[in-house]
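Trainee: I'd like a close look at one part of this model, the pocket, and at whatever surrounds it. Please walk me through it in one go, and start with any term I need.

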Amino acid sequence: MQKFQCRWAPSLGELEATHQEAWGTREYKNIIDPTVFFGLFDLRDYIALAWHMGRKYVLWAGSDLRNLEERFIFNDGKLKFLSKMFRGNKWVIPILRKAKHYVENQDEADKLARFGLKSTIVPSFLGNIHEFPLSYKQAYRPKVYISGHPHREDEYGFNFIQGIADAVPECIFHLYGVEWKSERKNIVCHGWVPKDRMNEEIKGMQCGLRLNDSDGFSEITAKSILMGQYPITKLQYPMIPNFDNAAELVTLLKSLRTMNEPNHKGRDYYLQVINKYPWVNV
């Protein structure tokens, strides 16, 4: 079997591991060999996809699809004016039709379908599954964790947690990734911490919470389900509860203390479906 290349979009940044470690793919070197393009955020990514002559696959990363919808192909910065000059994003659709598309949830599949593009839903995890063994233990005061990025606090739900924390005094919320302050007694602000430290700390918690409106299958969700916890997401995923409004989320959070046993069904399901891509060689 020919080993796939992977072109990692520059806007993706660092994830749990590299594509070499997680998928066994090799660095993108030529335009002939079969290649997965992980993330299509801006003009650089679309040019690379257009120039590639061999078999090409796209794994959408979540917010890149939002860019496509909002016509930020030229990014949302200095080159944004070019989107109007090129009359939006219609010019990229012929480029996209020449690739096979993979997404991580139905929301992403529906977004692509609106552009006439078919896709296959497969959740990914850019990490070592074996480093997240079953570790769930019930807690009378469940610990719930979220993670975000600086300057994107609203997108990751930090203010949302601030608004509902008093309604769920039985839960302790652990916020990672952003220098955040809160006067709520049940909110713990960790700021940025090394990845290994965070991974060790969340092993003793009960729920990875993902509040994003536009998302892939996040590392927070993947780690939580792999450890037998009870993750909650805004978007819909098989075997994972989701919510539409604050009241529904509060109800789900209040139910966490009743979860006596590890989430075996959810964990077993995702162990069977995560990273089942044609380019995975490990």
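Mentor: First, a term: when I say that two residues touch, or are in contact, I mean that they have heavy atoms within 4.5 Å. Also keep in mind that this is a predicted model.

Now the pocket. The largest pocket holds about 1,200 Å³ of space. Its lining is made up of 46 residues, and those nearest the centre are Leu-12, Glu-14, Leu-15, His-149 and Tyr-156. Four elements each give two or more residues to that lining: helix 3 (63-69), helix 7 (153-156), helix 9 (195-202) and helix 10 (219-226). As for chemistry, the lining residues split into 16 nonpolar, 17 polar and 13 charged.

Those helices give us some handles, so let's follow three of them. Start with helix 3, where you'll find Ser-63. Ser-63 touches Phe-41 and Ser-214, leaving aside residues up to four places away in sequence. Its relative accessibility is 16%, so Ser-63 counts as buried, the cut-off being under 20%.

Next, go to helix 7 and look at the loop between strand 7 (143-147) and that helix, where His-151 sits. His-151 is one to check on a Ramachandran plot: its phi is positive, about 70°, although it is not a glycine. For background, most residues other than glycine have a negative phi. His-151 is also exposed, with a relative accessible area of 78%.

There's a second positive phi to set beside it: Asn-275, at about 65°, is not a glycine either. Asn-275 belongs to the segment after helix 12 (264-273). With a relative accessible area of 10%, Asn-275 counts as buried, whereas His-151 is exposed.

The third handle is helix 9. The loop that joins strand 9 (187-191) to helix 9 contains Pro-194. Pro-194 has 40% relative accessibility, so it counts as partly exposed: that class lies between the 20% and 50% cut-offs. If you want a ruler across the model, the C-alpha atoms of Pro-194 and Pro-142 are 23 Å apart, with 52 residues separating the two prolines along the chain.

From strand 9, step over to helix 8 (residues 158-164), which holds Gln-162. Gln-162 touches Ile-187, and its other contacts, again leaving out residues up to four places away, are Trp-180, Ser-182, Glu-183 and Arg-184. Gln-162 has a relative accessible area of 17%, which makes it buried.

What about enclosed space? A search of the whole structure turns up 1 cavity of 30 Å³ or more, and the largest cavity holds about 30 Å³. Around the largest cavity you'll find Arg-210, Asn-212, Asp-215, Thr-221, Thr-233, Lys-234, Leu-235 and Tyr-237. That lining divides into 2 nonpolar, 3 polar and 3 charged residues. The general idea behind such searches is simple: rolling a probe the size of a water molecule over the atoms shows where empty space is left.

You may also want to sort out the cysteines before you set up a topology. How many disulfides does the count come to? It comes to 0. Cys-171 is in no disulfide, and the nearest cysteine sulfur, on Cys-207, lies 7.7 Å away. Cys-207 is likewise in no disulfide, with the sulfur of Cys-171 as its nearest, at 7.7 Å. The pair can't be counted because a disulfide needs the two sulfur atoms within 2.5 Å. Cys-171 is buried, at 0% relative accessible area, and Cys-207 is buried at 0% too.

Finally, zoom out to see what the pocket is set in. The protein chain has 12 helices and 11 strands. Its C-alpha trace spans about 55 × 45 × 30 Å along the principal axes. For 282 residues, a compact globule would have a radius of gyration near 19 Å, and the chain's 19 Å agrees with that. Of those 282 residues, 54% count as buried. Sequence-distant contacts show up as well: among contacts between residues at least 6 apart in sequence, 61% join residues at least 24 apart.

How values were computed: Residues are numbered from 1 along each chain as its sequence is written. This is a predicted model: local features need pLDDT of at least 70, side-chain atom pairs count only at pLDDT 80 or more; totals for chains, interfaces and linings use all residues. Side-chain values use heavy atoms; hydrogens and water are left out. On a 1 Å grid over the protein atoms alone, a cavity is a set of points where a 1.4 Å probe fits but cannot get out, and a pocket is an open set with protein on both sides within 12 Å along at least five of seven lines; lining residues have an atom within 4 Å of a point. Grid points are joined across faces, edges and corners, and a volume is the space filled by probe spheres set on the points. Ala, Val, Leu, Ile, Met, Phe, Trp, Tyr, Cys and Pro count as nonpolar, Asp, Glu, Lys and Arg as charged, and the others, Gly among them, as polar. Buried means under 20% relative accessible area, exposed over 50%, partly exposed in between (1.4 Å probe, protein chains only). The radius of gyration is taken over C-alpha atoms; the globule rule is 2.2 Å times the number of residues to the power 0.38.
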